[in-house]
Amino acid sequence: MQLQIAPSILSADFLNLGRDIRTLNSHADLIHLDVMDGVQVPNLSFGFSVTDAVSKVASIPMDAHLMICSPEKYTERFMDSGVKYLSFHYEAAGRGTRRLLESIRARGVKAGVAIDPDVSVSKLFPYIGTADFFLIMSVFAGFGGQKFIYDSIDRIAELRAEIVRRGAPGVIEVDGGVSTGNIAPLHEAGAEIFVAGSSVFKGGDPASAIRALREAASK
Ligand code: DX5
Ligand code: ZN
């Protein structure tokens with residue numbers, strides 16, 4: 001199974017964002033961009049001006065995670081920004097989920113569907129075979145620095161088992177409270193893309209923090 005580290009710039013230094021992106025270019029696999037609208041989740045973050053600016057410096061793929069209402073209104077614009085992975089919440093798209101996934105894939109961008117910890121994993125089963133990836137939130141979407149919810153490991157294993165049972169492709173991304181303390185069981189359960197905000201940026205040395213995550217995952 002592959003292992004990709006996707007640091008979330010939500011915890012980066014926004015006054016030195018170019019510097020932080022260059023560090024990620026040399027050490028991470030993806031750059032995770034958390035877009036929040038203050039309605040779908042109780043927080044605001046950033047939008048196109050930041051994703052456009054990051055795209056000018058990023059040499060590794062950008063992974064945008066939309067925590068917004070009516071994601072279908074904005075996905076095209078984020079793809080114009082150059083994102084290569086694009087996810088939105090099932091809670092926001094509902095019955096429009098399949099069509100939205102297909103429209104993202106039609107542009108050659110990896111399409112992902114995300115769920116919060118209180119949404120049954122079985123809600124994702126209908127999209128196995130359509131989505132390129134599934135984003136399992138291991139905290140409630142909205143804020144960096146929250147405590148990891150342990151149940152997430154079993155939720156990932158449950159989704160992984162169904163993907164394997166159907167013999168379909170489908171990558172699992174996990175987001176929220178990921179650290180050296182939980183990355184190994186998450187990887188073992190079937191997660192392959194690991195979003196990490198605080199554990200990468202808060203110690204002041206993102207390069208070593210990313211290295212530590214990779215080492216911990218393989219232990
Ligand atoms: C939360 C975001 C996460 C967040 C992760 O809504 O989706 O990507 O930045 O931050 P940590 O790793 O600090 O939980
Ligand atoms: Zn995220």
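Let's start with a bit of vocabulary: a residue counts as buried when its relative accessible area is under 20%, as exposed when that area is over 50%, and as partly exposed in between. Keep in mind, too, that what you are looking at is a predicted model.

Try those words out on S70, which sits in the loop between β3 and α3 (75-80). Its relative accessible area is 24%, so S70 is partly exposed. There is something else to spot here: the phi of S70 is near 45°, a positive value in a residue other than glycine. As a rule, most residues other than glycine have a negative phi.

Now move to the metal. Which residues donate atoms to the zinc ion (ligand 2)? On the protein side they are H32 (NE2), D34 (OD), H65 (ND1) and D175 (OD), and these donors lie 2.0 to 2.3 Å from the zinc ion. The site has 6 donor atoms in total, with angles of 68 to 169° among them, and its geometry is octahedral. If you look for the donor residues along the sequence, you'll find them spaced H-x1-D-x30-H-x109-D. H65 belongs to strand β3 (residues 62-67) and D175 to strand β7 (residues 171-175), so this pair ties together parts that are 110 residues apart in sequence. Both H65 and D175 are buried.

D175 also brings us to ligand 1. This molecule has 20 residues around it, and D34, G142, D175, G197 and S198 come nearest. You can follow some of the polar contacts one by one. A polar side-chain atom of D175 is 2.7 Å from an oxygen atom of ligand 1. With G145, a polar backbone atom is involved, and it lies 2.8 Å from an oxygen atom of the ligand. S8 uses its side chain, where an N or O atom is 3.0 Å from an oxygen atom of ligand 1. How much of ligand 1 does the protein bury? Taken alone, ligand 1 exposes 380 Å², and the protein buries 99% of that.

Next, look for charged partners. Side chains of opposite charge can pair when their charged atoms come close. A search of the whole structure turns up 9 salt bridges, and three of them make a good tour.

Begin with R165 and E162, whose closest N and O atoms are 2.8 Å apart. Both residues lie in helix α6 (residues 152-166), 3 residues apart, which is about one turn of the helix. Are these two buried or exposed? R165 is exposed, because its relative accessible area is 62%, whereas E162 is buried at 11%.

The second stop is the salt bridge between R19 and D13, at 3.5 Å from N to O. Here R19 has 44% relative accessibility, so R19 counts as partly exposed. D13, at 30%, is partly exposed as well. Salt bridges that share partners join D13, R19 and D20 into one network.

Finally, find D132 and R105, whose side chains meet in a salt bridge of 3.2 Å, N to O. This pair links distant parts of the chain, 27 residues apart: D132 is in the loop between β5 (110-115) and β6 (133-137), while R105 is in helix α5 (residues 97-105). D132 has a relative accessible area of 18%, so D132 is buried. R105, at 39% relative accessibility, counts as partly exposed.

Note on methods: Residues are numbered from 1 along each chain as its sequence is written. Chains are lettered from A and ligands numbered from 1 in the order in which they are written. This is a predicted model: local features need pLDDT of at least 70, side-chain atom pairs count only at pLDDT 80 or more; totals for chains, interfaces and linings use all residues. Side-chain values use heavy atoms; hydrogens and water are left out. Donors are N, O and S atoms within 2.8 Å of the metal (3.2 Å for Na, K and Ca); water is not among the atoms, so sites may look incomplete. Four donors count as tetrahedral if all angles lie between 85 and 135 degrees; four count as square planar and six as octahedral if opposite donors are over 155 degrees apart and all others between 65 and 115; anything else is irregular. Helices (H or I, at least four residues) and strands (E, at least two) are DSSP runs, numbered from the N terminus. Buried means under 20% relative accessible area, exposed over 50%, partly exposed in between (1.4 Å probe, protein chains only). A residue is near a molecule or strand if one of its heavy atoms lies within 4 Å of it. A polar contact is a pair of N or O atoms within 3.5 Å; within protein, one must be able to donate a hydrogen and the other to accept it, and residues adjacent in sequence count only if both atoms are side-chain atoms. Accessible areas come from the Shrake-Rupley method with a 1.4 Å probe; for residues, only the protein chains shown count as cover. A salt bridge is a side-chain nitrogen of Lys or Arg within 4 Å of a carboxyl oxygen of Asp or Glu.
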